[in-house]
Amino acid sequence: MATVALDAGFERKLGDEEGGASHDMDAELLGGLQLHIGLERVFAKLPFREFFQLRLVCKEWNRLDSDRAFLEESFREYLIPKPYFVLDAQGLDEKVRGLLAQDRSSGLWSWTRLRSSGSTEVWSMSGLVYSDVELANYERERKVFNLHTRLRLTLPPPVEITLNYHPFTGMIVDTSMRPYAFQFIEGSEDVSTQIFNSRSNSWTTKSSQQYGTSTGRTTVAFCKGVLYIRCELDEIVIYDTEKDKWDGINPPEFGDSDDFLRGSGAWQSRVFTPSVHPNQRVIRVWELVRPAEQQESWVEIDCMPGELYSWLFYENSDPPVDARDVQILASYCDEHILVYAWFMDDEEYGARGDRFVLFNLATKTWQKLELPFGPITEKLPSQGRLFHIV
């Protein structure tokens, strides 16, 4: 059991109490315990979920949430056990955002709600969650939340302010450092490309510009110096960091439905994307092949078994479910792709996610997941325990 250091005055007082005849709890003594024990020492030993719950008790306890020195020092070597997935779905009244993670020792899954704070855009890479909030006069508040250190960093305003409310954004994460360092990239049609470096806490400006607007849900992948941004456009937007050049590539030839699986991920210097084909009743996973100076192409990696597809789309359910009320979404963690159904017209919950399928790129296997706490909904609080493993 971990011990907590006490100051000398409290130790003397405690010693006097222990040496006396009575061993009853001293209300006055224990009532002043917080004056002699630094809360930082206690909070640093808490599991992930309990840490965030205690922040809500009072302003003083919440202060540690923004204490960068404390967070980086306390959780410097801590990494969330894999696999973990950041989910971002639209409920009827509010966004549903959270962390779905598996404890390797027990095999159990946990759900931790993440604050949305009115943000309009959310995506994640390597446990760093980006979000932004639209402010007045075309200004935006950009934040990066590190799930590993629990640190939420508000980026300073960029050098140039774009009038585009939805610029293209992405990130390069250096996982060799503790805590992770990152470069945040923003491209827009009315200002030059701008890059924020977390090490220097400053922005630099490039000469390129990206023409267009990012729309809808976004996923971001980085591979071999190229940033891949997948949103609700008909093409995948790319940014070559070495050439400082924006461009676009076509998704897999067979296309996909506007409401489904517009997301890409990277693993072992390879880029992948799944696609849904409702007419063919199939979900495929593709790999991008980009020979030097040649046209890119997509190669099919695997196909979801038909029985899993039927289950994911609530086929043969009672009462029947209209497929148009189901969104198929995806989240990535290394070789794992989590494909899940988000049902938008549920009479009991309003909107829910309760059907999850895990695909392993390494073994090419599909696995149905059963969450012990039932469906994920707008009102579902954090469930299970995400252990703080040191």
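Here are four short exercises with worked solutions on the predicted model shown above.

**Exercise 1. Get an overview of the chain: how many helices and strands are there, and what share of the residues is buried?**

Start with the secondary structure: the protein chain has seven helices and 24 strands. Next, turn to burial, where 50% of the 390 residues count as buried. Then look at the surface, which comes to about 19,300 Å², with 48% of that area belonging to carbon and sulfur atoms. Finish with the contacts: among those with a separation of 6 or more, 50% join residues 24 or more positions apart.

**Exercise 2. Decide where to read the model with care: which element has the lowest confidence, and which the highest?**

Begin with the whole chain, whose average pLDDT is 80, with 74% of the residues scoring at least 70. Now go element by element. Helix α1 (residues 8-19) has the lowest confidence, at a mean of 49, while strand β10 (residues 194-197) has the highest, at 97. Residues 1-8 have a pLDDT below 50, and this stretch makes twelve contacts in the model beyond near neighbours in sequence. A friendly caution belongs here: where pLDDT is low, predicted coordinates should not be read in detail.

**Exercise 3. Work out the setting of R284: is this residue buried or exposed, and which side chain makes a polar contact with its side chain?**

First, locate the residue: R284 lies in strand β18 (residues 282-289). Second, apply the cut-off. Buried means under 20% relative accessible area. R284 has 14%, so R284 is buried. Third, look for a polar partner: the side chain of E300 makes a polar contact with that of R284, at 3.3 Å. Last, fill in the surroundings. Leaving aside neighbours within four places in sequence, the contacts of R284 include T273, P274, S275 and H277, together with E300, D302 and C303.

**Exercise 4. Trace the largest nonpolar core: how many residues does it have, and which strand gives the most to it?**

The largest nonpolar core has 31 residues. Those with the most contacts inside this core are L87, L100, W111, L147, L338, F356 and I376. Now assign strands: β1 (84-90), β2 (95-102), β3 (109-113), β20 (326-333), β21 (336-346) and β22 (350-360) each supply at least two residues. Of the contributors, β1 gives the most, with five residues.

Take F356 as a close-up. Setting aside neighbours within four places in sequence, its contacts include L87, L100, L338 and I376, as well as W311 and Y340. To round off, look beyond this core: a second, separate one has 25 residues, including F168, V173, Y180 and I229.

Methods
Residues are numbered from 1 along each chain as its sequence is written. Side-chain values use heavy atoms; hydrogens and water are left out. Helices (H or I, at least four residues) and strands (E, at least two) are DSSP runs, numbered from the N terminus. Buried means under 20% relative accessible area, exposed over 50%, partly exposed in between (1.4 Å probe, protein chains only). Contact means heavy atoms within 4.5 Å. Accessible areas come from the Shrake-Rupley method with a 1.4 Å probe; for residues, only the protein chains shown count as cover. pLDDT is the predictor's confidence in each residue, from 0 to 100. A polar contact is a pair of N or O atoms within 3.5 Å; within protein, one must be able to donate a hydrogen and the other to accept it, and residues adjacent in sequence count only if both atoms are side-chain atoms. A nonpolar core is a set of buried Ala, Val, Leu, Ile, Met, Phe, Trp, Tyr and Cys residues joined through side-chain atoms within 4.5 Å.
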